[in-house]
Amino acid sequence: MSNAAVRIFVLILAGVLAAPAAETIYQTPPKAIVDALNAAPPPTLSLSPTHQAAIVEQAIAHPTIAELARPMLRLAGLRISSDTNGPHLLPLTVSFSLVRLPGGATSPVLLPAGEHRLSDPVWSPDGKRFAFTDTTAHAIELWTGDTATGRVHRVPGVRINAVIGNSNGPFGRRRPPIEWMPDGRTLLVRLVPQGRGAPPPEPKVPTGPDVQESDGHSGPVRTYEDMLQNAHDEDLFTYYATSQLALVDPVSGKITPVGKPAIFTTAEPSPDGRYFLIEKIHRPFSYLHPFLEFPTDIEIWDRAGRNTHTIANLPLADRIPIEGVRTGPRDAAWLPVSGATLVWVEALDGGDPRAKAAHRDRILTLAAPFTAAPTPIFETEQRFRGLEAFDDGHGALVSDYDRDRRWLRTQLIDLTNPATPAKVVFSRNIQDRYRDPGAPLEHTLPNGHRAIWLDNGAMYLIGAGASPTGDHPFLARYTLSTANTERLFTSGDNVYETPEAVLDSGATRILTRRESPTEAPNYFVRTASGETAVTHYRNPNPELLAVRKELVKYQREDGVLLSFTLYLPPGYKPGTRLPALVWAYPYEYNDASTAGQVSGSPLRFPRLTGHQLLVLAGYALLDNAAMPVIGKPATVNDTYLQQIVMDARAAIGKAASMGVVDPARVAAGGHSYGAFMTANLLAHSDLFRAGLAESGAYNRTLTPFGFQTERRTIWQDPDLYLKMSPFMSADHIKAPILLIHGEADDNPGTFPINSERLYQAVRGNGGTVRLVMLPLEAHAYAARETLEEVLAEELNWMNKYLKTTATGEASR
């Protein structure tokens, strides 16, 4: 370690005094910003399995700070409402409407008077019914509806436990705590156990110390938030996370318990409805790891809740290498077409990405009655990424990922004849957006499971359609036998239109969501002869149409292609040089060709959010400014600082050359890793007059086992960690920096202490700095009052330090 680094550590140990803190009331920015911030968002659509109906979901823009102030328990990586026995944050959806397709006739779903917070609807396999939850002040209720009539009713005597939803399997979905059985008449739910009693009281007097111990085996762990702290936390977690599985008949109201209560992470019915795939966690818990890494039993139960077969009893996952996986069965799920065949994945390399191995994972299946040995069906050369089965019961797409090349490969395998050679379907750098083929379109089978829709030997693909001119979403048909891809629909040059679903065989009717710089987003049914509007959302802020938006492309000094989206305020006069904000988030790339690809689209509707709203106060915004860091994955960060300075210099230079930005009055801004970037740009360049840094991690010694894509630990390369930490260069941060952080940040690595200590370091070295700690807020700010406060703070900061020229004259 260098002498300079030693001196810095001495300074840290010596400490610096903090300025007196001040508690203020929430501020509000100008009315135009407040109105745009709090406008009702566009509706979302939930399509029935038969495509004959859909539910339009309307949400509010933001919760209030009073909602965030409700009781919350932070346990094992979860944030739990002790009032409702569900997630602390309530759903934002407040109403449903039922729309008939393809005609678009709409009627409201009538609920009793009062406030409602609704989950997404869950459709029965035949589309005749739908279920949802309504979160009240003290419970999560179960409701069901009739698609034909639109009438809904609450199922009495049911209190849902929504603390833990089903874990992801190889089909990439996280299932809710309610779902329809294959019969379409019965719901599998997780209940708060009957008669569980009061929560365990916190001991008034400690019974002893809290102890952790390691036996000498390597166990690197990321810096997780909200972990269990003591025995009382363990008891609380057990109390709130334990649920009772039950089958509920919503018509008769009959409730049939299934098995004994447990902490379930998965409870999924087999396609024939005879069995349940069960994953449940149990003690001993960990104080370093989140709940999904706790000891886990994977079992198959019958409908009576009896364990008919144990797939695995997995210990605590505390020996997983960085970027590695658990050993033993993982990602278990039912094959969607079979009666009851389970599929899962096992590591062949000990779960260690650094180990040399011809194949890293293998896929196995086991069919009812689960008495035979599991059947290996495929081995992946690289790390398994996903399995999607076709609806014919024979084929499946299997993806694996090479982390060194950042390469994603998708192969077609035969589930019924594993000896059939696999066929490569797609293969690309995962960051090569221009070559992204799109995602296969799934549909719901009569048994309620989902599979890739195979329509006359072809599958449908929906993709973003990234290109040098921006995103142009598309629908394509890929024929498996010929590997031929046919574009069926591509969004035009004047609108941004996303295919959402194919409504019939042959794709003669498709559901799309369309928007443009002047057209609010709405859903449409498209046919060869025309289109029918499904929703009728109107622009709540017509004044935003005056905001100018443009995709700008340019080059870094070493030739790397870059881009940003330029926003100019209403009433902008060409030739005027404005003070500006560069908002960005750095990403790592293997090569310049992918780093320079354009992301986003200038054709989106101008529904401004967050920092974008600062445009309404007269600032230019260089949004999503490309900040690539290019190099080999193992060493890419060796030139992190040099590259982000080049990126920033190129962005400012381009905007200045266009005559729209005054290069002497530019602020840098970002959230999370973007805030880390902002502090580093202020410390290692003189390009910016000010900085806005939201919820960043500024001291990499607090994330010693890696961060972002960095694989080296601090003990392997201490100089890198110190060099990249803006905390260690706080004496060089001379431009005024505004630090904002949620007091309840839940993101790994971005502890609130990061902003508190950087504030003290900058202040202690004579810099200009302001620290705003947001009560009750997590990494992503939620409350309306908070969002208004953040915008007011950022606007005040920019007005104070950017509204004057370099000579101190007021800008015009």
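Which residue in E6 is the bridge partner of Ala53? The answer is Arg100. The model is predicted. This briefing covers two open sheets, one covered strand with its partners, one helix, and the aromatic and charged contacts.

**Sheet E1-E2-E6-E7**

- Four strands build this open sheet, which has the order E1-E2-E6-E7 and antiparallel pairing.
- Strand E1 (44–47) and strand E7 (106–108) are the edge strands, and each pairs on one side only.
- On average, neighbouring strands here are turned by 30 degrees against each other, direction ignored.
- Strand E2 (residues 53–59) and strand E6 (residues 93–100) are joined by 7 bridges in the antiparallel sense.
- The bridge between Ala53 and Arg100 in E6 is the one from the opening question.
- As background, strands of a sheet pair through backbone hydrogen bonds, either parallel or antiparallel.

**Sheet E34-E35-E36-E37**

- A second open sheet of 4 strands follows the order E34-E35-E36-E37, and its pairing is antiparallel.
- Its edge strands are strand E34 (496–502) and strand E37 (530–533), and each of them pairs on one side only.
- Neighbouring strands of this sheet are turned against each other by 30 degrees on average, with direction ignored.
- Strand E35 (residues 510–515) pairs with strand E36 (residues 522–527) over 5 bridges, in the antiparallel sense.
- Within E36, Tyr523 stands opposite Arg513.
- Arg514 lies over the face of Phe524, and the distance to the ring centre is 4.1 Å.

**Strand E31 and its partners**

- Strand E31 (residues 458–463) is mostly covered, with 6 of its 6 residues buried.
- Ala458, Tyr460 and Ile462 point one way from E31. Met459, Leu461 and Gly463 point the other way. All of these residues are buried.
- In a regular strand the side chains alternate between the two faces of the sheet.
- Strand E27 (residues 439–440) pairs with E31 in the antiparallel sense over 2 bridges. Ala439 stands opposite Ile462 in E31.
- Strand E30 (residues 454–455) also pairs with E31 in the antiparallel sense, over 2 bridges. Asp455 has Ala458 in E31 as its bridge partner.
- E30 and E31 form a hairpin with 2 residues between them. In the turn, Asn456 has a positive phi of about 55 degrees.
- E31 is joined by 6 bridges to strand E32 (residues 474–479), and the two run antiparallel. Gly463 stands opposite Phe474 in E32.

**Helix H6**

- Helix H6 (residues 640–657) has 18 residues. From its first C-alpha to its last, H6 reaches 26 Å, close to the 26 Å expected at 1.5 Å a residue.
- Is H6 largely enclosed or not, and why? Of its 18 residues, 13 are buried, so H6 is largely enclosed by the rest of the structure.
- Gly659 follows H6 and has a positive phi, near 80 degrees.

**Aromatic pairs and cluster**

- The count comes to 23 aromatic pairs.
- One of them joins Tyr239 and Tyr240 edge-to-face, at 4.8 Å centre to centre and 80 degrees between the planes. Tyr239 and Tyr240 are both buried.
- Phe707 and Tyr721 also form an edge-to-face aromatic pair, with 5.4 Å centre to centre and 90 degrees between the planes.
- Phe707 lies in the loop between strand E45 (690–694) and helix H8 (718–724), and Tyr721 lies in helix H8, so this pair ties together parts that are 14 residues apart in sequence.
- Phe707 has 4% relative accessibility and therefore counts as buried. Tyr721 has 0% relative accessibility, so Tyr721 counts as buried. The cut-off for buried is under 20%.
- Which residues form one aromatic cluster with Phe707 and Tyr721? They are Tyr585, Tyr587, Tyr640, Tyr673 and Phe676.

**Another charge over a ring**

- The charged end of Arg405 sits over the ring of Trp407, at 4.4 Å from the ring centre.

Conventions. Residues numbered from 1 in each chain as written. Predicted model: local features only at pLDDT ≥ 70, side-chain atom pairs only at ≥ 80, totals over all residues. Heavy atoms only, no water. Expected span 1.5 Å × (residues − 1). Buried < 20%, exposed > 50% of the residue type's maximum accessible area, 1.4 Å probe, protein only. Phe/Tyr/Trp six-rings, centres within 6.5 Å; stacked < 30°, edge-to-face > 60°. Lys NZ or Arg CZ within 6 Å of the ring centre and 35° of its normal. Pairing = 2+ DSSP bridges. Axes fitted to C-alpha atoms, helices over the stretch in contact; angles between N-to-C directions.
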